[in-house]
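Hi,

Here is the structure I said I would pass on. Have a look at it first, and then read my notes underneath.

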Amino acid sequence: CLVRGKKLGLVGFGENALETAKLAFGLGMEILYYKRNRASEEEEQGVGARFVPTLQELVQRADIISIHVPYNSSTEKMFDQKILSQMKADSFLISGSRGGIVDENALFKVLSEKKIAGAALDVHRWEPVPADCPLLDLENIIWTTHNGGGAGEFLLQECRDVLANIALVDQGERPEYSVVHFA
């Protein structure tokens with residue numbers, strides 16, 4: 001297994017990060033994590049996770065960084081030029097969080113200069129991704145739409161719901177689900 005013995009650095013240690021840790025632990029990875037408040041001993045022991053007190057230390061030690069924090073004013077551009085440049089040259093960055101957490105200009109710089117090995121993003125700061133985004137031209141980045149981790153049956157149901165709403169609106173009716181308020 002290519003990841004056995006590698007260090008996975010989790011940024012955040014909530015529900016999604018814990019599930020990621022379980023999978024990685026099962027593959028023989030060493031689990032490190034950083035978050036504002038240390039998790040319980042029970043949570044740590046369940047996946048053999050070790051707390052790292054600073055983000056800087058985590059990115060310097062981990063082979064793979066996986067981001068699992070919410071987007072807010074304290075996490076905006078959390079992964080800026082300073083943090084990204086402290087990652088190991090052969091490390092990878094994975095983000096399934098919100099787009100604003102990674103400074104995309106800084107990410108472009110470290111990826112294009114081969115300062116890190118690669119990145120996988122499930123999100124972009126702006127959706128849809130602008131056609132002139134320089135990250136689109138790089139070969140050491142993978143991008144999915146923000147449903148990359150969704151289970152097939154849930155994605156299928158989501159598509160059914162969207163199509164049902166379109167049919168309701170087409171018939172002049174109010175949609176069952178909406179993201180805007182209809183008067």
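Below is what I found, going from one helix to one strand residue and then to the empty spaces.

Keep in mind that this is a predicted model.

Let's begin with α5, which runs over residues 104-112. Which of its residues are buried? They are Glu104, Ala106, Leu107, Val110 and Leu111. These five sit on the same side of α5, because they cover an arc of only 155° around the axis. That fits the usual helix geometry: with 3.6 residues a turn, residues three or four places apart point the same way. As for what covers the buried residues of α5, the list includes α4 (81-84) along with the strands β5 (92-95), β6 (118-121) and β7 (141-143).

Both ends of α5 are worth a look too. At its start, Asp103 has a side-chain oxygen within 3.0 Å of the backbone nitrogen of Asn105. After the helix comes Lys114, with a positive phi, near 55°.

Next, Ser66. You'll find it in strand β4, residues 64-67. Is Ser66 buried or exposed? Its relative accessible area is 5%, and since the cut-off for buried is under 20%, Ser66 counts as buried. The side chain of Ser66 makes a polar contact of 2.6 Å with the side chain of His68. If you skip neighbours within four places in sequence, Ser66 is in contact with Leu8, Gly9, Leu10, Val11, Thr20 and Ile94.

Now the spaces. The largest pocket holds about 680 Å³, and 29 residues line it. Nearest its centre are Val11, Gly12, His68, Val69 and Pro70. Two of those names came up above: Val11 is in contact with Ser66, and His68 shares the polar contact with Ser66. The elements giving two or more residues to this lining are α1 (15-26), β4 and β5. Of these, α1 gives the most, with 6 residues. By type, the lining of the pocket splits into 11 nonpolar, 13 polar and 5 charged residues.

How many cavities of 30 Å³ or more does the structure hold? Just 1, and the largest cavity has a volume of about 50 Å³. Its lining is made up of Ser95, Arg98, Gly99, Val102, Glu104, Leu121, Val123 and His124, which divide into 3 nonpolar, 3 polar and 2 charged. Glu104 links this back to the helix: it lines the largest cavity and is also among the buried residues of α5.

Cheers

Key: Residues numbered from 1 in each chain as written. Predicted model: local features only at pLDDT ≥ 70, side-chain atom pairs only at ≥ 80, totals over all residues. Heavy atoms only, no water. Buried < 20%, exposed > 50% of the residue type's maximum accessible area, 1.4 Å probe, protein only. Helix = DSSP H or I, 4+ residues; strand = E, 2+ residues; numbered from the N terminus. Arc of directions from axis to C-beta. Contact = heavy atoms within 4.5 Å. Polar contact = N/O pair within 3.5 Å; in protein donor to acceptor, adjacent residues only side chain to side chain. 1 Å grid on protein atoms, 1.4 Å probe; cavity = no way out; pocket = protein on both sides within 12 Å on 5 of 7 lines; lining within 4 Å. Points joined across faces, edges and corners; volume = space filled by probe spheres on them. Nonpolar A, V, L, I, M, F, W, Y, C, P; charged D, E, K, R; others polar.
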